[in-house]
Amino acid sequence: MANSEHSYVDYGKYECSLEELSSRNRQILLWFSFGIFWLWLFVEVFNILWFWEEFYFAISESGRQVVTENPDGSQSCEVNLYQTCERYVGAGGIWWSLLGSLLTGIAVGPLVFSILIFTYRTKDVTKKWKEEIWGLLFLINPSIIWALLWLICLPYAWSLLPWGDWSTNWWKIFPYGFGLVWMGGLPPILAISQFFRKVFNQEYNYDLTIEAEKSDDEENHRIQEMLEKEQISSTSESSGQKKTNFWEPI
C-alpha cells in the first residue's frame, strides 16, 4: 500500500493550460488543412514527381538504349549508322534529385508541422525543448540533400558508384564504402536519430519547477548548516573566554 502511494504520479501537472491547448488545436487544424492543399499544389500543379522520375531514369537508364512509342505508332528515337532506332538517356537527371528533395520537403512541411504539434498537443513542454525539436526538424531536409549529393550525385559524376562489372569496379567499394558513405550518411543519421530521440523524451515545465525547488531546499539546508556551525563555534569561543577570565588574578 505504501509503495503504491509513493509510485503515484499526478499526470495532470504535466498537462498544458486550456488556452494553450486551444491554441495548439487551432494550429494543428490550420497546418493540416493548408498542408493538404499545399501538397496537392506541388504534386498536381508544380509536378515535383517529374524531378524524381528524371532522377530514376538517369540512375537506371543512363547510357542504355531507350525506344519510345508515340500515340500514332511512330517511335521517338534517332536512327544510327546501323539503321536501328535508339535513344540514349543522359546523366544530367541525377542532379534533379537535389531540387526534388528540397521541393518535397517544402511540399510536406505543413503536414509535418501539424503532426509534430500533435505529439505534444496536451503537454506542458518547456520552451527550450520546443526550440530544439523544431531546430532538428529543419535540419532533416538539408541533411538528406547532403546525403544525396555525396552518396549518389558526386559518386555518379566521378564514376565511383560500386556497381557494374565487378572485374573493373571492385576497387570502388573502398573510396565509396570507407569515405563517401561516412561523409554523406552521418549527417542525416544524426539529425533524424536526435529528432526522434527528442520527440520521445519530452521535457516538462513541472519537472523544472521540482528541480528548482529541490535545489533551493538544498541551498537553504546548506546555508542553515553553515549558520549552525558558526553559531556553535562562536558559542564555544565565548565560553572558553569566560573560563579564562575566571582564573585570571584580580
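**Figure 1. A salt bridge within helix α2.** The side chains of Glu20 and Arg24 meet in a salt bridge, with a separation of 3.2 Å from N to O, in what is a predicted model of the protein chain. Because Glu20 and Arg24 are four residues apart in helix α2, about one helical turn separates them. The two partners fall into separate accessibility classes: Glu20, with a relative accessible area of 30%, is partly exposed, whereas Arg24 counts as buried at 3% relative accessibility. By the rule applied here, the count of salt bridges comes to four.

**Figure 2. A network of salt bridges around Lys198.** Glu132, Lys198 and Glu203 are linked in a network of salt bridges, and the view is centred on the lysine. Glu132 forms a salt bridge with Lys198 in which the closest N and O atoms are 2.5 Å apart. This pair links distant parts of the chain, since Glu132 belongs to helix α5 and Lys198 to helix α7 (residues 173–199), 66 residues apart. In the salt bridge between Glu203 and Lys198, the closest N and O atoms are 3.3 Å apart. Lys198 is buried, with a relative accessible area of 18%, a value that lies under the 20% cut-off for that class. Both carboxylate partners are partly exposed, Glu132 at 27% relative accessibility and Glu203 at 31%.

**Figure 3. A nonpolar surface patch that includes Trp31 and Phe46.** Trp31, Phe34, Phe37, Trp40, Val45 and Phe46 form a nonpolar patch on the surface, and together they have about 620 Å² of accessible area. Trp31 is placed in helix α2 (residues 18–45) and, at 32% relative accessibility, counts as partly exposed. Phe46 is placed in the loop between α2 and α3 (49–61) and is also partly exposed, with a relative accessible area of 45%. The C-alpha atoms of Phe46 and Leu103 are separated by 9.6 Å, although these residues are 57 apart along the chain.

**Figure 4. The surroundings of Ser114 in helix α4.** Ser114 lies in helix α4 (residues 96–119) and counts as buried, because its relative accessibility is 3%. When its neighbours within four places in sequence are left aside, Ser114 is in contact with Ile28, Trp31 and Phe32. One of these contact residues, Trp31, is also a member of the nonpolar surface patch, so that in this view the buried serine of α4 can be followed to a partly exposed tryptophan of α2.

**Figure 5. The largest pocket and its lining.** About 360 Å³ of space lies in the largest pocket, which is lined by 16 residues, with Gly105, Ile106, Gly109, Leu137 and Asn141 lying nearest its centre. The elements that give two or more residues to this lining are α4 and α5 (127–157). Of the elements, α4 gives the most to the lining, with ten residues.

**Figure 6. The whole chain as context for the close-up views.** The protein chain has eight helices and four strands, and from the N terminus on its elements run α-α-α-β-β-β-β-α-α-α-α-α. Buried residues make up 25% of the 250 residues in the chain. Among contacts between residues at least 6 apart in sequence, 75% join residues at least 24 apart. The chain exposes about 17,800 Å², of which carbon and sulfur atoms supply 64%.

Technical notes:
Residues numbered from 1 in each chain as written. Predicted model: local features only at pLDDT ≥ 70, side-chain atom pairs only at ≥ 80, totals over all residues. Heavy atoms only, no water. Buried < 20%, exposed > 50% of the residue type's maximum accessible area, 1.4 Å probe, protein only. Contact = heavy atoms within 4.5 Å. Patch = residues over 30% accessible without salt bridge, like charges linked within 9 Å, V, L, I, M, F, W, Y side chains within 5 Å. Areas by Shrake-Rupley, 256 points an atom, 1.4 Å probe, with all protein chains shown as cover. 1 Å grid on protein atoms, 1.4 Å probe; cavity = no way out; pocket = protein on both sides within 12 Å on 5 of 7 lines; lining within 4 Å. Points joined across faces, edges and corners; volume = space filled by probe spheres on them.
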